[in-house]
Amino acid sequence: MTFVTDAPSGALDLGARWREGFAALGPAFFTELPPAPLPDPALVALNEPLARDLGLDPRQLATEVGVRALTGSLAVAGSRPLATVYSGHQFGVWAGQLGDGRALLLGELDTPIGPQELQFKGSGRTPYSRMGDGRAVLRSSIREFLGSEAMHGLGIPTTRALSVTGSDAPVRREEMETAAVVVRVAPSFIRFGHFEHFASRDQLDDLRRLADFVIDRFYPFCRQSEALAGNPYAALLRQVSERTAALLAQWQAVGFCHGVMNTDNMSILGLTIDYGPFQFLDAFDPNHICNHSDETGRYAYNRQPNVAYWNLFCLGQALYPLIGDEELTLAALESYKTVFPREYEARMRAKLGLADAQDGDRALIERVLQLLARDRVDYTIFWRRLSQHVAGEPAEPVRDLFLDREGFDAWLLDFGHRLPADRRTAGLAMLRTNPKFVLRNHLGELAIRRARQKDMGGVAELLSIVQAPFDEHPAHDAMAGFPPDWASHIEISCSS
Ligand code: AMP
Ligand code: MG
């Protein structure tokens, strides 16, 4: 990568590695416009491993020119920034046109890890901003950066984050905050809502273009499949249903709450996308609502799998004009109902160190979740301590987590009978499945407070931990401990 600081445009040059990508769909799908610069941008965080994976030089990205480019204050040569249009259902209600109101796709890069889209979030107003200011605040940008990298570290499909840059430019939310820009990375940022948009307007040629684009780029085997009467659009719906089911199984198993599962926040690739009021559970409460704007608990932790199906149903309705057959559409969606429970059980069995499936596993899983819920046991700490116990440590640390010791002892006895003879191997597998660290709200909050004081060390430190959450990191044991009392008072809403 070379910088062409003296080029007439003063642009950052990433070389000739741009591909046409989403822009090939044509003007019905987006509006081209440049990002709105922010004054005096500074680097808040850089994801060096990701930069290297993309074939970019982190040292150059960290220079003044690099930081300006990452903020959208300096053009990137060869990029064609554009805001895409989509619609969606928000909180169960059709919301009409939405679109990238504060995001801009820079383009698609050829990288050592395959073609990747680079996207700014918080880079200014677009034709889809509606009443919004086009900005993202430092707080939510750090949460998105750390949240997506934490999910990646856990092996859960997600969009990634390359950088956060910030400025002292004021942004009004519940209180005055400052502006920041996240550079996000994913093979595609296409959402269910993109399909809903064209279907809702009867723009069937555009709808087909979009579906063909997604199939050709990401699901080419849908054209060869003989299942579902050889219908490629039904095959696409089935693929997305299965990927979404697998994703939800991973969310539930790790205790991740997304918080705003609107159809415009659902990835066509089955990635976790749009980190807003998300939360990793502290105490296990199946009804936990992480989003303070979610008054009815539509997106509560235990409702997420059903909501995902509801969202897929919206996608099915959008694809129906292409599929052309109601039964095929329903049959494609039906796969969610078999894949989710299968994947969820597989994930939970892995958490228990069980390599094979046996009758009675489901009951074993349900019983322990009931015990965890009744005593509001810390979800992450429970699984880690159980793993350590199976690996050879005494039972007390895990047993002490419960008020209902008798209930737990009875469960542990049954679990012990179910475990394989080689407990140590099972325990070591559990330690690679049950993380020591998740990005708890209060950990993010502490890093954010430091960043507001211009001390970026907390974000960097947390990034390195959540990127390797199964490692011990003995110097950071405190981050694996119980959350402080104030953690339960952190209020995270849709406002970001
Ligand atoms: P979200 O709930 O963050 O996924 O956003 C829902 C919709 O609102 C999307 O179309 C966003 O682009 C848009 N939006 C959210 N915040 C802003 C903002 N500050 N300025 C402009 N658009 C926004
Ligand atoms: Mg969104």
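Where does H288 lie? Select this residue to start the tour: H288 is in the loop between β16 and α8, the helix that covers residues 304-323. Keep in mind as you click that this is a predicted model.

**Stop 1: the loop around H288**

With H288 still selected, colour the model by accessibility if your viewer can do that. H288 has a relative accessible area of 21%, and it counts as partly exposed because buried residues fall under 20% and exposed ones over 50%. Now add N302 to your selection. N302 is 14 residues apart from H288 along the chain, and their C-alpha atoms are separated by 7.7 Å. Next, show the contacts of H288, setting aside its neighbours within four places in sequence: you should find C257, Q279, L281, A300 and Y301.

**Stop 2: the magnesium ion**

Which residues coordinate the magnesium ion? Select ligand 2 and look around it: the ion is held by N265 through OD1 and by D274 through OD, at 2.0 to 2.1 Å. Switch on the surface and look for these two residues, and you will find that both N265 and D274 are buried.

**Stop 3: T263**

Now select T263. It is in the loop between β15 (256-257) and β16 (279-280). Is T263 buried or exposed? Its relative accessible area is 0%, so T263 is buried. To see what surrounds T263, display its contacts, not counting residues up to four places away in sequence. T263 touches G88, H89, R191, F192, G193 and E196, and also W310, N311 and C314.

**Stop 4: helices α5, α6 and α7**

Select residues 192-200 for helix α5, then residues 204-218 for helix α6. The axes of α5 and α6 come within 8 Å and cross at roughly 155 degrees. Because of that angle, α5 is roughly antiparallel to α6. On the α5 side, show H194, F195, F198 and A199; on the α6 side, show D206, L207, L210, A211 and V214. Sorted by class, the residues of this contact are 7 nonpolar, 1 polar and 1 charged.

Keep α6 on screen and add helix α7, residues 232-254. What is the angle between these two helices? The axes of α6 and α7 cross at roughly 60 degrees and come within 11 Å. The crossing of α6 with α7 is left-handed. From α6, pick out R208, A211, D212, V214, I215 and F218, which meet P232, Y233, L236 and R243 of α7. This contact of α6 with α7 has 7 nonpolar residues, no polar ones and 3 charged.

**Stop 5: helices α11 and α14**

Move on to residues 379-390, which form helix α11, and residues 423-431, which form helix α14. Their axes are 7 Å apart, and the helices pack at an angle of about 155 degrees. That angle makes α11 roughly antiparallel to α14. Here, too, look at the handedness: α11 and α14 have a left-handed crossing. Show R384, L386, S387, Q388, H389 and V390 in α11, and you will see them meet R423, R424, A426, G427, M430 and L431 in α14. By class, the contact of α11 with α14 is made of 5 nonpolar, 4 polar and 3 charged residues.

**Stop 6: R418**

Select R418 in helix α13, which spans residues 405-418. R418 has a relative accessible area of 14%, so it falls under the 20% that marks a buried residue. Then select D361 as well: D361 and R418 are 57 residues apart along the chain, while their C-alpha atoms are separated by 8.7 Å. D361 is also one of the contacts of R418, leaving aside neighbours within four places in sequence; the others are R349, L354, D356, A357, Q358 and L364.

**Stop 7: two positive phi angles**

Finish with two loop residues. Select D40, in the loop between β4 (30-32) and β5 (42-46). D40 is not a glycine, yet its phi is positive, at about 45 degrees. With 71% relative accessibility, D40 counts as exposed.

Then jump to K454, in the loop between α15 (441-452) and α16 (457-466). K454 also has a positive phi, near 70 degrees, in a residue other than glycine. Its relative accessible area is 57%, and K454 is exposed.

Note on methods:
Residues numbered from 1 in each chain as written. Chains lettered and ligands numbered in written order. Predicted model: local features only at pLDDT ≥ 70, side-chain atom pairs only at ≥ 80, totals over all residues. Heavy atoms only, no water. Donors = N, O, S within 2.8 Å, 3.2 Å for Na, K, Ca; no water. Buried < 20%, exposed > 50% of the residue type's maximum accessible area, 1.4 Å probe, protein only. Axes fitted to C-alpha atoms, helices over the stretch in contact; angles between N-to-C directions. Helix = DSSP H or I, 4+ residues; strand = E, 2+ residues; numbered from the N terminus. Parallel < 35°, antiparallel > 145°, perpendicular 65-115°, else oblique. Left-handed = near helix turned anticlockwise from the far one by under 90°. Contact = heavy atoms within 4.5 Å. Nonpolar A, V, L, I, M, F, W, Y, C, P; charged D, E, K, R; others polar.
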